[in-house]
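Here is a walk through one protein model, taken strand by strand and contact by contact. Keep the viewer open and follow along as you read.

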Amino acid sequence: MWSTFTRGAGFCLRETAWHMEKLGCLLIGTSSYQEQVPTFTRVTPIHGRTPLIQESCFIAPNSSILGGVQLGNKVGVFYSTTIRGDIHDVNINDNTTIFDRCVVRCSTLRSTDIGSNVTIEPGCTITGCSIADDVFIGANSVVSEGARVESQSVLVPGSVVRKFAVVPSGELWGGVPAEKIRDLTDQELTDIRAMSLHANANSDVHKEATEKTHEDIDEERIVLEQWGILEKSRVAVRAPYGQYDQGPVGTGTHLNIPGQLATEGGTRVA
């Protein structure tokens, strides 16, 4: 009981001090200092070629983007991925997601062009090739120099597309070297865009999480810890809406929020 009281008092003091600091800065006309969470993203110009990245993109903290790389709107670049346009350009269009540990680069002679709504799973290597819109590339696949992957096509995981090969639209390819397996069904063609939308939504979540300041993280932790104490101690807190009800789990008091689904021992509030 005493431990619960002291922890609760400590959280209250910390939160009070934080608000007082913000108020003091407001009164003297300065903004409070917000220390940024350290990141390791390297966006590096090479040979006078500078990456061009839209503000809506998610770039993971430990990814690397170098040289003449252009990213469209809401492109997701996940952890430990390298995109390198040191000799020629790398162009990646809107809503494309490149997952973890991928390498996307130009070749000595060719640029790399990737269309919109493309999903590239972890561990892929993309070199000096062309990938059209609405393509799904399975994990650990390789698309070699001069290859062309046409729209609405799928590579199964571990595929190796040879140099100058063409993967036609609407086909499923796989193997080493990759060859046609069969035509895609109508449902699979629809799923390509659905998988892209899902990957893009996941990028948004990671973008929000990795752009938080230490102040944001501390504030969230305080709130979560306070709720943890309340749940553990079964302390009821009245909100501006809802009413008290016997908790849905175990015994004690629980705040029932309007619209909450009915649970065993609990009553739904209209």
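Strand β16, residues 153-155, pairs with strand β19, residues 171-174, in the parallel sense, and two bridges join them. If you would like a residue to centre on, pick Val-154, whose bridge partner in β19 is Leu-172. Bear in mind throughout that this is a predicted model.

Now zoom out from that pair. The two strands belong to an open sheet of eight strands, running in the order β3-β5-β7-β10-β13-β16-β19-β20, with mixed pairing. Where does this sheet end on either side? Its edge strands are β3 (58-59) and β20 (179-183), each of which pairs on one side only. As a general reminder, the strands of a sheet pair through backbone hydrogen bonds, in either a parallel or an antiparallel sense.

Between β19 and β20 there is a loop worth a stop, for it holds Pro-177. The peptide bond leading from Val-176 into Pro-177 is cis, with omega near -5 degrees.

Two other loops contain a backbone feature that a Ramachandran plot would bring out. Lys-74, in the loop between β4 and β5 (76-77), has a positive phi of about 55 degrees although it is not a glycine. Asn-117, in the loop between β9 (112-114) and β10 (119-120), likewise is not a glycine and has a positive phi of about 55 degrees. Which of these side chains is buried, and which partly exposed? Lys-74 has 30% relative accessibility and so counts as partly exposed, whereas Asn-117, with a relative accessible area of 10%, is buried.

Next, turn to the interior. In soluble globular proteins, nonpolar side chains tend to be buried together. Here the largest nonpolar core has 32 residues, and those with the most contacts inside it are Leu-71, Ile-83, Ile-120, Ile-126, Ile-131, Ile-137 and Val-143. The elements that contribute two or more residues to this core are β4 (64-71), β6 (82-92) and β13 (135-137). To explore the surroundings of one core member, select Ile-131: leaving aside neighbours within four places in sequence, Ile-131 is in contact with Asp-113, Ile-114, Gly-115, Val-118, Ile-126, Ile-137 and Val-149.

Charged side chains complete the tour. How many salt bridges does the structure hold? There are eleven. One of them brings together the side chains of Arg-49 and Asp-89, at 2.2 Å from N to O. Arg-49 sits in the loop between β1 (42-44) and β2 (52-53), while Asp-89 is in strand β6, so this salt bridge ties together parts that are 40 residues apart in sequence. Both ends are partly exposed: the relative accessible area is 21% for Arg-49 and 32% for Asp-89.

Another salt bridge links Glu-150 with Arg-148, where the closest N and O atoms are 3.2 Å apart. Glu-150 is partly exposed, with a relative accessible area of 25%, and Arg-148 is also partly exposed, at 38% relative accessibility.

The side chains of Arg-182 and Glu-188 form a further salt bridge, with an N to O distance of 2.7 Å. Arg-182 has a relative accessible area of 34% and is partly exposed; Glu-188 counts as partly exposed too, at 23% relative accessibility. Finally, look for Arg-110, Glu-145 and Lys-163, which are joined into one network by salt bridges that share partners.

How values were computed: Residues numbered from 1 in each chain as written. Predicted model: local features only at pLDDT ≥ 70, side-chain atom pairs only at ≥ 80, totals over all residues. Heavy atoms only, no water. Core = buried A, V, L, I, M, F, W, Y, C linked by side-chain atoms within 4.5 Å. Buried < 20%, exposed > 50% of the residue type's maximum accessible area, 1.4 Å probe, protein only. Helix = DSSP H or I, 4+ residues; strand = E, 2+ residues; numbered from the N terminus. Contact = heavy atoms within 4.5 Å. Pairing = 2+ DSSP bridges. Salt bridge = Lys/Arg side-chain N within 4 Å of Asp/Glu carboxyl O.
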